[in-house]
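Q: I'd like a close look at just one part of this model: its aromatic rings. Please walk me through them, and then set them in the context of the whole chain.

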Amino acid sequence: MRDACSRGGSAVAESAITPAPLPSADLAKVPVRTLLPWAAFFGLLMLIVLYFVGAEQGATSLIAGENVHEWLHDGRHLLGFPCH
């Protein structure tokens, strides 16, 4: 019997290990009825955030003063909204 190292190979490479098969992942189906209220809530929340970042202290203003403008100033420039 010849040694694996004498043939130029590695003794570790001689063993063949087959991995165990992974269990199949069944994705849970979520009905649209349960997602719709959450989608509407987050959509409305994003519209409110978009208003405050993009339009507050501009042509329209819900809050007097420039506090909102100053707090969101860098976010406006990051999103490409002009404010000067």
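**Rings along one helix**

A: Let's start with Trp 38 and Phe 42, which both sit in helix H1 with their positions 4 residues apart in the numbering, or about one turn of the helix. Keep in mind that this is a predicted model. As for confidence, H1 has the highest mean pLDDT among the elements of the protein, at 90, while helix H2 (residues 67-71) has the lowest, at 76.

Now for the ring pairs themselves. Searching the whole structure turns up 3 aromatic pairs. Trp 38 and Phe 41 make an edge-to-face pair, with 6.4 Å from centre to centre and 90° between the planes. These two also belong to helix H1, which covers residues 32-54, and they are 3 residues apart, again about one turn of the helix. Trp 38 pairs with Phe 42 as well, but this pair is stacked: the centres are 6.2 Å apart and the planes are at 25°. That angle counts as stacked because the cut-off is under 30 degrees, whereas edge-to-face needs over 60. So Trp 38 has an edge-to-face pair with Phe 41 and a stacked pair with Phe 42. Put together, ring pairs join Trp 38, Phe 41 and Phe 42 into a cluster.

How covered are these rings? Trp 38 counts as exposed because its relative accessibility is 53%, and the cut-off for exposed is over 50%. Phe 41, at 45%, falls in the partly exposed class, and so does Phe 42, with 44%.

The cluster is also part of something wider. Trp 38, Phe 41 and Phe 42 join Leu 45, Met 46 and Val 49 in a nonpolar patch on the surface, and the accessible area of the six together is about 610 Å². Met 46 is another residue of helix H1. Further along H1 you'll come to Tyr 51, which is partly exposed at 22% relative accessibility. If you follow the chain on from Tyr 51 to Ser 61, 10 residues apart, the C-alpha atoms are 10.0 Å from each other.

Zooming out, the protein has 3 helices and 0 strands, so from the N terminus the order of elements is simply α-α-α. Just 8% of its 84 residues count as buried. The accessible surface adds up to about 7600 Å², with 68% of that belonging to carbon and sulfur atoms. Looking at contacts between residues at least 6 apart in sequence, 14% join residues at least 24 apart.

One last word on how far to trust the rest. The mean pLDDT for the protein is 76, and 74% of its residues reach 70 or more. Where pLDDT is low, the predicted coordinates shouldn't be read in detail.

How values were computed. Residues are numbered from 1 along each chain as its sequence is written. This is a predicted model: local features need pLDDT of at least 70, side-chain atom pairs count only at pLDDT 80 or more; totals for chains, interfaces and linings use all residues. Side-chain values use heavy atoms; hydrogens and water are left out. Rings of Phe, Tyr and Trp (its six-membered ring) pair if their centres lie within 6.5 Å; planes under 30 degrees apart count as stacked, over 60 as edge-to-face and the rest as tilted. Buried means under 20% relative accessible area, exposed over 50%, partly exposed in between (1.4 Å probe, protein chains only). pLDDT is the predictor's confidence in each residue, from 0 to 100. Patches are made of residues with over 30% relative accessible area and no salt bridge: like charges are joined within 9 Å, nonpolar side chains (Val, Leu, Ile, Met, Phe, Trp, Tyr) within 5 Å. Accessible areas come from the Shrake-Rupley method with a 1.4 Å probe; for residues, only the protein chains shown count as cover. A salt bridge is a side-chain nitrogen of Lys or Arg within 4 Å of a carboxyl oxygen of Asp or Glu. Contact means heavy atoms within 4.5 Å.
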